[in-house]
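Hi,

Here is the structure we talked about, with my notes underneath. Have a look at the model first, then read on.

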Amino acid sequence: MSTLQFVTFSVNDNRYGVDILRVREVLKQVSCSPVPGAHPAIVGLMNLRGQVVTVIDLSQRLDTTNVDRERNTCLILKTDEELERQNLLEQVRGRIGSDAVGILVDDMGEVITVNEDELSDPPAQMSEQEQALVENVVMLEDYLLTQIAVEKVLDFSV
Amino acid sequence: MNEYDRELLNEFVTESTELLEQVEETLLGLDESASLDPEAINEIFRAVHSVKGTSGFFGLDVIGSLSHIMENVLGEMREGRLSPEPRLIDLLLSSNDRLRALVLDTESSQSADVSEAVASLEAWLHGAPPQQSADTPAEASEPVAEAAAAPAVVADNSFELTEELKQDLRRHGLMLYRLNLSTRTDITARKRSLDAFVKHISSVGTILKVTPNVETLKAAPESEDHPFTVWMSSVLDPVLAPMGLAIDAARIEVIGVDGKVAEPTSPAAPVAEKKPPVKLAVAEAPPAPAPAPVTEANPEPVDAPPAPEVKRPQAHNNNETLRVKTSLLDRLMQMAGELVLARNRLLRRLDGQQDKIEGIGAILGELNGITSEMQEQIMQTRLQPIGTVYGRFSRVVRDMSKKLGKSVRLDTIGGDVELDKALLEGLADPLTHMLRNSIDHGVEDPDGREAAGKPRQGTVRIRAYHEGGMVNIDIEDDGRGIDVEKVRVAAIRKGLLSSEQAAKTTDTDILNLIFRPGFSTAAKVTDVSGRGVGMDVVRTNIEKLGGVVEARTRLGEGTTVSIKLPLTLAIVTSLIVDVEGQRFALPQVGLESVVRLRPADVAKRVERIRDMDVLRYRERLLPIVRLTDVLGMDRTYVDRETGERMIDRRGRLSDRRAAIEKMEEDTLEQRVDDDDRRNALSNVLRILVLRIGRNSFGLVVDAIVENEEIVVKPLSRFLRDCQCFSGATILGDGTIAMILDPVNIAQAAQLTFSDLSRDAAEESHLERVRALRERVPLIHFSNGGPETFALPLAQVARVENIPKGDVQRVGHKEYITYRGQALPLVRLHEHLDVAMTMEEPEEMKVIIPNLGSCPAGIVAHEVLDAREVELEVDEATIRGQGLIGSAILGDDIVLLVDTYGLMSSAGVAVACAGEQVLQGRRALVVDDTPFMRRVTHGYLADAGMQVEAVSDGLEAWDAIKTGEFDVIVTDMRMPNLDGAGLFARLRGSEELAHLPVVALASEAPKDCQFDGHAQKLDRPELIETLTAVLGQAQEEAA
């Protein structure tokens, strides 16, 4: 039985997870320079040790009416190139390209290991927009963990 | 051969070597796998084809012929007509080796003989595979022996390369080496035993043979020097072999040609003797000491053409250059940039604290120096000589001239001028296009040239040179040039310019219209240059690279297109500016200047034309936009009372002077607040003047922070839609700034330059024109509301002080008694679209207009001023019945009252004497001052005349020639052609000599016998004069 590991975090009091292989690091207290005229989900650009990282507001993506930008914890994703260098690309679902991206979240949670057969489709009561960005859900003991499809979060046409 | 040809040749060598290596690899793959991959064959087919093609370019016929036949064979294989059987692969491999050797030594390649290799390949093409080679390996007819020729040729005591060994070498990717050694240098001097030496060699390869053999050498007296030769195979490539073997490269000869798989064979000292495949063709050399260079002692036919392989690379100094991935360089470049930033941060942080740590100053100094130097050097790695693009042009010129039946010589200068690789790549297409244009449209056909007294052969010259930190590239031809008049006509026909504008626009400006989209003056579209890439694309491409392009021409002599480019794209000197607390970087390249305007100057320099704010700059009018507006950012100001940041909603810059439109809504209080707001914002308006091609525009920012060298980082795909930015950068303080892209900002702001350049053309004589404009005495008054008004003093007869109580009302109308008559009063707010007067003063002013008879008085609360001003009337911003327009008086905006319009909207009839004679007569009003022109026009039209108005004598002359007039009313002082000049022309013309001309002047002009004169703005006098003049003319005619 193959298992998956998720880095979990919360956005607007919901718990979400991203495949741990996709995550490069987590930063707290990030500050971004806004980009005028950019898509509303783009919080701005961040200087990560000399690399320019585009920071995306996940809450805006999940609920387009939400523009509260008080959060400042950032999940830096590995680019496809990075994964390929580490020979991990094949094991990760979804392609996000070569641009360095960070996702702004509320709080970080623990890393959770789940069996693949525990994954199920998103429930119907989930908002349409949210469903579009979700890969799977996992019913954990005390809460529902939603696995985010990063490639869809980063595809603003979704 | 000139220097860039040499450069190119070197490139050919490097490239072909790579290609052939790939061929070899693929061939080896075919050798092993039975199934044929058509794509693989196709790939090597293309590689060989490419080598063939390029060799043709350099005239390397021998390389060409060998690659040609290889290509044919591969072609047959690709089509499945030849199967890749091992013998054929072998043949191809050896031919490939031969080819590679030839490529590596292009100089002597021409004298090489490849006929045998060609013949062997040819045989396969004719379906006659030479059978015998399979049975007898290493036969003379076997091309391997011929092509790779090495063993037979170089062996001092012959070493036979068997088929089996070859297969082995090939399969394992081994190189075959011959080491020319001597016991003294390699054994004794190195203080090691022969065994130790053999062991060392065996650790990096397999010894195939030692001559004389090891035993013999061991037996030989140590005191003497014995030359010996070692044959070995190794995975080490020729570059690494000397290091691996610790033997001087000069004594290592490369025999075999494989290299890839790492599988060193097991060591064993006397392998040579044990390994069965290694056969010695000749008996072992005598154990006795042989003469140092043994080669000549060889009984074999050595004098066959020396195998080129042996001479390997030296010919082209390939080892001086190294191919490095661009991505690696880019990364290095980025990191160097980041290092610079880190250094800057460090220096900033330690600023002022350097005394605390002893010696840190020196260390920082050193770090500083090294960092800068390193950045510079890494930048250098990206630079490439422009000569590398020149190469492809000779081909273009040759093909083009052939196609067009022209004779053109290409002259390239400055091939060593270096440019950033990215720039160079972006430059190739525009340059090619311009070259095509020059040949197609510029250079005449030989007969045409001869007829024009030029040499039959035309010349196109590409010249690159450095100037002022920029790279300049000129494309010059000695062709027919561009007929600027034709361009002018085309511009009018296409509606780009009106005929007047076209007449005023300079030749240079007209010429550069060819860079506008869809502009072509070529009489016919040829298939050569009509490829859908116009000069506008050229300009766009050049501008994308941060450059500018401009054309010059001389009819009949030729055309030059000049390009200016920055040296590099990756590191850019930029101006860091601040807008709403956010930093932006603006590359210096496009920056023409920075204009700082104090509030008092804003009124003078910023105006509003056709719904755009416009800056008066060096006799030009530049559109200006606020960066905040272009980027859609909120503008804020700090509220004085609350100290909070508030959103600023003032629309236009020119509102600083023209806030009138909003006054109706704004209360007085708000206006005060507005003023505060302006003060709270920094008092100075900062405008960056940016250049795009030939146009410029102003970009308003809040503050200018500093100049900084920035490292350009590309934008992520998420920001591709943000057209206004060309990239991002990390500033010295670690924050990120977006890099502004002037071209796209102008686009986003929807600036229309064409119109402005037209305006600018008009405005270019501005100063001259202005000097000639009349200063108009105005009376400036208010009616108690927020607006102020003005009337020309000439239209005012008197201003009466009337106590409030003297106003009598009859029905809705108000009257005063004036000179014993009832004079109706006109209140401005009742007839104009202006604010209502709230309170009446105890005593008011009544302005009695000078209208011949006195139909009505205009009520004013206060006369503010009466003075002479140079009037510029803005007729567009504020208009309405009874108003001429608005103008600036000191710091105020005033509304100019149109007395006649006001009176007619007030229902007051304005009677005029002599109108009978004037009815329906045609008058031409000539005045350069728009206000005067308008007023005079109004007077005459009201008097029942048909009026046309023009702005100077020249225009008048044109109008008179095409239209019919009964009388000309002209100002005296005008640009281009003044009143006296116009008069002289009219009198000098037969048909027009009797056309009556009335001067607008207070006194009869000297030297000219005008038919009459009238003071400006004095309606009664003008009407009187015209009545007299036209009446007289009528009498005379009768």
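**What I found**

In this predicted model, the side chains of Arg178(B) and Asn180(B) are in polar contact at 3.4 Å. Arg178(B) sits in strand 1 of chain B, which covers residues 175–182. Is Arg178(B) buried or exposed? Its relative accessible area is 3%, so Arg178(B) counts as buried.

**Where the two chains meet**

Next, the interface. Chain B brings 17 residues to the contact and chain A brings 20. Between them, chain B and chain A bury about 1,600 Å², and 65% of that area comes from carbon and sulfur atoms. Which three residues supply more of chain B's buried area than any other three? They are Arg717(B), Phe718(B) and Ile736(B), which together give 40% of the area that chain B buries against chain A.

Arg717(B) turns up again when you look at charges. One salt bridge is found across the interface of chain B and chain A. Arg717(B) and Asp99(A) meet through their side chains in a salt bridge, with N to O at 3.7 Å. The interface of chain B and chain A also has five residue pairs in polar contact, with both residues at pLDDT 80 or more.

As for which parts of chain B are involved, three elements give two or more residues to the side that touches chain A: strand 13 (582–587), strand 23 (725–730) and strand 24 (736–740). Strand 23 of chain B has the largest share of that side, with three residues. Sorted by class, the side of chain B that touches chain A has 11 nonpolar residues, three polar ones and three charged ones.

**Salt bridges within the chains**

Over all chains, the structure holds 29 salt bridges. Here are a few to click through.

In chain A, Glu82(A) and Arg24(A) form a salt bridge whose closest N and O atoms are 2.9 Å apart. What does this pair tie together? Glu82(A) is in helix 2 (residues 80–85) of chain A and Arg24(A) is in strand 3 (residues 23–27) of chain A, so the salt bridge ties together parts that lie 58 residues apart in sequence. Glu82(A) is buried, at 12% relative accessible area, whereas Arg24(A) is partly exposed at 24%.

In chain B, Asp578(B) pairs with Arg583(B) in a salt bridge, and here the closest N and O atoms are 3.9 Å apart. Asp578(B) counts as buried at 17% relative accessibility, while Arg583(B) has a relative accessible area of 27% and is partly exposed.

Another chain B salt bridge joins Arg827(B) to Glu814(B), with the closest N and O atoms 2.7 Å apart. This pair links distant parts of the chain, 13 residues apart: Arg827(B) is in the loop between strand 30 (821–826) and helix 33 (828–831) of chain B, and Glu814(B) is in strand 29 (residues 813–818) of chain B. How buried are the partners? Arg827(B) is buried, with a relative accessible area of 8%, and Glu814(B) counts as buried at 8% relative accessibility.

There is also a network to look at in chain B. Asp411(B), Arg461(B), Arg463(B), Asp474(B) and Glu476(B) are joined into one network by salt bridges that share partners.

**Cysteines**

How many disulfides are there over all chains? The count comes to zero. Take Cys32(A): the closest cysteine sulfur belongs to Cys74(A) and is 6.5 Å away, which is too far for a bond because a disulfide needs the two sulfurs within 2.5 Å. Cys724(B) is in no disulfide either, and its nearest cysteine sulfur, in Cys722(B), is 8.1 Å away. As for their surroundings, Cys32(A) is partly exposed at 24% relative accessibility, whereas Cys724(B) is buried, with a relative accessible area of 9%.

**Chain A overall**

Finally, some totals for chain A. It has four helices and 11 strands. Chain A has 158 residues, of which 53% count as buried. If you take contacts in chain A between residues at least 6 apart in sequence, 61% of them join residues at least 24 apart.

Cheers

Technical notes
Residues numbered from 1 in each chain as written. Chains lettered and ligands numbered in written order. Predicted model: local features only at pLDDT ≥ 70, side-chain atom pairs only at ≥ 80, totals over all residues. Heavy atoms only, no water. Buried < 20%, exposed > 50% of the residue type's maximum accessible area, 1.4 Å probe, protein only. Contact = heavy atoms within 4.5 Å. Buried area = accessible area lost by both parts, 1.4 Å probe. Salt bridge = Lys/Arg side-chain N within 4 Å of Asp/Glu carboxyl O. Polar contact = N/O pair within 3.5 Å; in protein donor to acceptor, adjacent residues only side chain to side chain. Nonpolar A, V, L, I, M, F, W, Y, C, P; charged D, E, K, R; others polar.
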